[in-house]
Amino acid sequence: MKTVLPSVPETVRLSRRGFLVQAGTITCSVAFGSVPAAAGDTAESTPSIAAVSPNVWVRVHADGIVDIVCPAVELGQGAHTALPRFVAEELDADWDRVRVQQAGASDKVYGNPLAWGTQFTAASRTTVGYFDVLRVAGAQARFVLVQTAARRWSVPADQLETQKGVVLHRRSRRSATYGELVASVQVPESFPHFFARNEATQPADDYFGAAPPSVVAQAAGPASGAIALKHRSTYRLIGKDAPRKDIPPKVNGQACYGMDVQVPGMLYAMVETGPVAGMAPERVDDGAARQVPGIHHVLSLPHGVAVVGRDIFAVRAARARLLVNWKANPDKQSYDSGQVLDEFSDLCRNGIERNAVQAWKQGELSSIDAVFARPDVRIESFEMQSDLVYQAPMEPQSAVIQPHADGSAEAWVGTQWPTVEQGFAAGILGIAPDKLTMHLPLVGGGFGRRLEPGALVDAAHIVRAIGKTVKVIWSREDDLKRNPFRQALACRVEAAVLEKDQRILALRHTVAADSWLARLFPQYFNAYQQTDPGNWIGGMVAYDVPLQRIDALTPRRSVDVCYMRGIGVAQVKFAQESLVDQIARRLNADPVDFRLAHLNTSPRGAAVVRTVAEMSDWKRRSADAGGGMALGLAYTPYSNAHVALVSEVHFNRSENTLSVSRVWCAVDVGMVAQPDIVKAQMEGGIIQGLSVALMERVQVAKGVLQHSNFHDYPMLRMSQVPQIHVRLVETDQAMAGVAELGLLQIGPAINNAFARITGQHLRSLPMRPALAQMKRSGPTA
């Protein structure tokens, strides 16, 4: 099921045009004609004397400017800084003279080796997946420039060194900038092998499994002509902070998001959809809509009615005048979010009897069952349920498609998975995917929602019908109404506790949730025994507990779901970490000490727990807690990273309000690529996780969404954000992903603090509605 990239980055000679087409370079206002795909701009093209491309990732210009292609989309996470610095480090480029180009869409060229060889920006796989490939790309470019200088000066290449865009020969005191060498560069047909020396290898991932062989794995060593990459102790750029490349244009207004794209002569379109997702138009009265000046077309689509016109204001006004009768969809019209959650909870309580799939285990099942049957253990359990959640990117969906007379087309769309969007749209247009050139602007938030197509599907249907360039825009109401939400989920965790030793001997997780994989990628769903690991992997490898089991149920329901940042890990960890604190409280054990006692085989886990306890002054503040204030702790190992978080929580009993004033977080992601970016990612994740934990939920009644915009879908406001303190615990371990980590601990940390104040945990997400329910029904255990 894994696709492995070629062992080294592709060696091609690209013209300037070929490089820019491969890179998917865009401007907000597209003032040029179409350019075809770069099929011919490979090894046969003659490089311009003004610039040279040693491979598809790097282009060095005669003026010293270096273009570096970033395979990942800039979602606001800093990809356009962190990834190009991997290339620049090995190239020894002058970072101030580096320009970042966004890659186009190609799994073959830009696929992530640690994400099934696909080109997607998600799952915390971006930096870890491209680290080796991009270092080799930089090393290849440096190799070419050094060899060029060696020929020019008739000296051995091993006497040369490089420094900030300059090749130096210290013996003769000669030097040449990279730009000065461009005209003499000869790109070889193949490169030597570049290998990493004494480097921790990428371990297996909770979701993706074992990593494929790395492109920098040490083979025969220097004797075979292989060249060592830099050791991390010599890094000048990696691990050092730098201003992000995407920030200045975002501040001065030059940044180009999907919503900003303008193509000459394009029409605008919006699509009206039914009150229930999946309804098709049955009868359309478009007379009033067509009377609006500037309206060109009104089209019935399989999923709605499109209004196409010369400007967005006319289109919006015309759409409001449509009168549509929608075909009934009994399956979707019967969906009730509260009822579905109750069904999921019932499945968790009776999982084995309901044909749950054993998704993962540690130890023999007979041993697990035997421990739970022992008379000297106490069985502790915790059940929770979590509502649907809207990913809520700040930029709603939009897309532009421009058709061409030769049957090809170009598309501009903000996406996390460009090749999936390309395949969907090309299929609708009736062309091969490689005939649809993808341009990838900045994205105003993804959070998993942009892993599947939205507005681009609308645009493809419309363009196929009218044959003209169209920009589709979704309003906020459209974006919310047509969104596939984070899955509703129920989880039951049981622990067999030997009280006399204060030890957890065994754990059982049962998780019930609908599946994004099953809906969109059944081949992956089937590969995981017809389960969705995004729902259940949060239960894996919990502390030093020797015996563990995860059972998964995947009931399919009629409202579409999609992964969200943190996937199901955030929900399952809410149950697991609440249970750990529940057990510690029952045993009268300190939550920090109790966790450390179960982390004897995880020094990295113990280190982040100790660090966050020191950061938060846990012993003193815990002793001083009272009057409606307490500290709560949660710990998560996930995808080879370790995070511990403490929250300072206040609960006003008379007003029944819950708030968070301070958060401390210690994180170990192994080698750190960009410290400030890691901290920003953690801060952003904590804020989003806090919003989701406290207040965010999607409610659906009889198939109808009960929200339309942010006025009735509450989210955390700036004034409600606590003080956040993040500390990096850097180790010599392999790099791990970051983006999802911040969401995983904040919910259970708040819940554990709440239990220390009130004596009971909340058992549903979000918490504020749960508080209101608890007040109405009275305290429950």
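Glycine 759, which directly follows helix α23, adopts a positive phi of about 85 degrees. In this predicted model, helix α23 covers residues 741–758, and 17 of its 18 residues are buried, so the helix is largely enclosed by the rest of the structure. Further along the chain, leucine 765 and proline 766 are joined by a cis peptide bond, with omega at about 5 degrees. Proline 766 belongs to the loop that connects β30 (764–765) with α24 (767–777).

Positive phi values also occur in residues other than glycine. Aspartate 92 is one of these, with phi at about 55 degrees. It is located in the loop between α2 (79–91) and β4 (98–102). The relative accessibility of aspartate 92 is 7%, under the 20% limit, and the residue therefore counts as buried. Asparagine 198, likewise not a glycine, has a positive phi near 55 degrees. This residue is placed in the loop between β8 (194–195) and β9 (227–228). With a relative accessibility of 70%, over the 50% limit, asparagine 198 counts as exposed.

The chain as a whole contains 24 helices and 30 strands. Its radius of gyration is 28 Å, close to the 28 Å given by the globule rule for 781 residues, so the chain is as compact as a globular protein of that length. The C-alpha trace spans about 80 × 75 × 50 Å along the principal axes. Buried residues make up 62% of the 781 residues of the chain. Of the contacts between residues at least 6 apart in sequence, 76% are formed by residues at least 24 apart. The exposed area of the chain is about 29,200 Å², of which carbon and sulfur atoms supply 51%. The chain carries 80 positive and 75 negative charges, and the mean positions of these two sets are 2 Å apart.

The domain assignment gives domain 1 as residues 51–252, domain 2 as 258–331 + 397–473, and domain 3 as 337–389 + 485–773. The centres of domain 1 and domain 2, taken over C-alpha atoms, are separated by 38 Å. Contact between these two domains involves 17 residues of domain 1 and 13 residues of domain 2.

Serine 398 was examined in its local setting. This residue is part of strand β17, which covers residues 398–403. Its relative accessibility is 3%, and serine 398 therefore counts as buried, the limit being 20%. Apart from neighbours within four places in sequence, serine 398 is in contact with Gly258, Met259, Val413, Gly414, Ala455, Val472 and Ile473. Serine 398 and glycine 239 are 159 residues apart along the chain, and their C-alpha atoms are separated by 36 Å.

Technical notes: Residues are numbered from 1 along each chain as its sequence is written. This is a predicted model: local features need pLDDT of at least 70, side-chain atom pairs count only at pLDDT 80 or more; totals for chains, interfaces and linings use all residues. Side-chain values use heavy atoms; hydrogens and water are left out. Helices (H or I, at least four residues) and strands (E, at least two) are DSSP runs, numbered from the N terminus. The radius of gyration is taken over C-alpha atoms; the globule rule is 2.2 Å times the number of residues to the power 0.38. Buried means under 20% relative accessible area, exposed over 50%, partly exposed in between (1.4 Å probe, protein chains only). Contact means heavy atoms within 4.5 Å. Accessible areas come from the Shrake-Rupley method with a 1.4 Å probe; for residues, only the protein chains shown count as cover. Lys and Arg count as positive and Asp and Glu as negative; His and the chain ends are not counted. The place of a charge is taken as NZ of Lys, CZ of Arg, CG of Asp or CD of Glu. Domain bounds come from an automatic or database domain assignment.
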